[in-house]
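This report examines a predicted model. Helix packing is treated before ring interactions and a single buried site.

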Amino acid sequence: MRGTRIQGRQVELRPLARSDATALDRILRDGQVTRFLPPIVRRETGTQFVARVLDGRRRGQGVPFVIVPLGGEDAIGQVRLFHWSRETRDAEIGYWLRRSAWGRGWATEAVRLACGFGFRSMRLHRIEALVLDGNDASRHVLEKVGFRAEGRCRQSERLARGWVDELRFGLLRGELRTGPQV
Ligand SMILES: CC(C)(COP(=O)(O)OP(=O)(O)OC[C@H]1O[C@@H](n2cnc3c(N)ncnc32)[C@H](O)[C@@H]1OP(=O)(O)O)[C@@H](O)C(=O)NCCC(=O)NCCS
C-alpha cells in the first residue's frame, strides 16, 4: 500500500518519495532531532533512511509519509506506520520534524492524520508508539491524539548518557481524538 495525499488544516501528508532524501538528510543532521530516535535512524543519512523505508513499503511492512506545510511540496518531516501486521491488525508509528517547525501543533496534526489513515485504510485495530523517557514533547503529542501510556520498558536503550527507559503507548480503533487542527 502506497498511501495517498492527506490534507489537514496546517499540514499535508504525501507518500514518501526517493526525491525527499535531500530534505530529510538535512533534518537528520540535527542532533536535537535525532537524540531521541532509534539507533538505526541516528546512524543513517537521509538517502539510507529513504531507501530502507521504501524497501519496507515494497514488502508491505508499512506506509511512510512526508509532512509538508499546507499547499507546499518540501518535506519538513516524516510520519510513518511500520511493523505492520495484517494478522494482528497493528502497527507502530514513528515521526520527526525539522526543528524550525516545532511548537506549532504540526506534529500533532501529522500523527493524527497518519493514525486516521491507519484505522481507515489499513484497517488497523491498534497503533503503538515507543518513546524514550525524557522525550516530553513526543509524549505530549501522543497524549493529545488519544494514546494511552501502557508501560515502561526499563533500560531498553543505551545512549551516551547511559541506559534509558522506553515508554510504550497504545491507541485503539475508536480512541483517536479529533482535535482543533483536524
Ligand atoms: C516530537 C516532535 C515531533 C514534536 O513536534 P512539535 O512540533 O513540537 O509538536 P506539537 O507542536 O504538535 O506538540 C508538542 C506539544 O508538546 C509540548 N512540549 C514541547 N516541548 C515540551 C517539553 N520539553 N516538555 C513538555 N511538553 C512539551 C508543546 O507545548 C505541545 O503541546 P501543546 O500543544 O499542548 O502546547 C519534535 O519535537 C521532534 O521532531 N523531536 C525530535 C524527534 C522525536 O523525538 N520524534 C519522536 C520520537 S518518539
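## Helix packing

H5 and H6 are oblique to each other, because their axes cross at roughly 50° and an angle between 35 and 65 degrees falls outside the roughly parallel and roughly perpendicular classes. The two axes come within 9 Å, and the crossing of H5 and H6 is right-handed. H5 spans residues 106-120, while H6 covers residues 136-145.

On the H5 side, Ala107, Thr108, Val111 and Arg112 take part in the meeting of the helices; on the H6 side, Val141, Lys144 and Val145 do so.

## Aromatic pairs

The count of aromatic pairs comes to two. One of them joins Phe65 and Phe117 in an edge-to-face arrangement, with 5.2 Å from centre to centre and 85° between the planes. This pair links distant parts of the chain, since Phe65 belongs to strand S3 (residues 63-69) and Phe117 to H5, 52 residues apart. Both Phe65 and Phe117 are buried.

## Charges over rings

The charged end of Arg80 is placed over the ring of Phe82, 4.2 Å from the ring centre. Arg86 lies over the face of Trp84, at 3.6 Å from the centre of that ring.

## The site of Arg126

Arg126 is located in strand S6, which runs over residues 126-132. Arg126 counts as buried because its relative accessible area is 18%, and the cut-off is under 20%.

Beyond its neighbours within four places in sequence, Arg126 contacts Arg89, Asp90, Ala91, Phe119, Glu150, Gly170, Leu171 and Leu172.

How values were computed: Residues numbered from 1 in each chain as written. Predicted model: local features only at pLDDT ≥ 70, side-chain atom pairs only at ≥ 80, totals over all residues. Heavy atoms only, no water. Helix = DSSP H or I, 4+ residues; strand = E, 2+ residues; numbered from the N terminus. Buried < 20%, exposed > 50% of the residue type's maximum accessible area, 1.4 Å probe, protein only. Contact = heavy atoms within 4.5 Å. Phe/Tyr/Trp six-rings, centres within 6.5 Å; stacked < 30°, edge-to-face > 60°. Lys NZ or Arg CZ within 6 Å of the ring centre and 35° of its normal. Axes fitted to C-alpha atoms, helices over the stretch in contact; angles between N-to-C directions. Parallel < 35°, antiparallel > 145°, perpendicular 65-115°, else oblique. Left-handed = near helix turned anticlockwise from the far one by under 90°.
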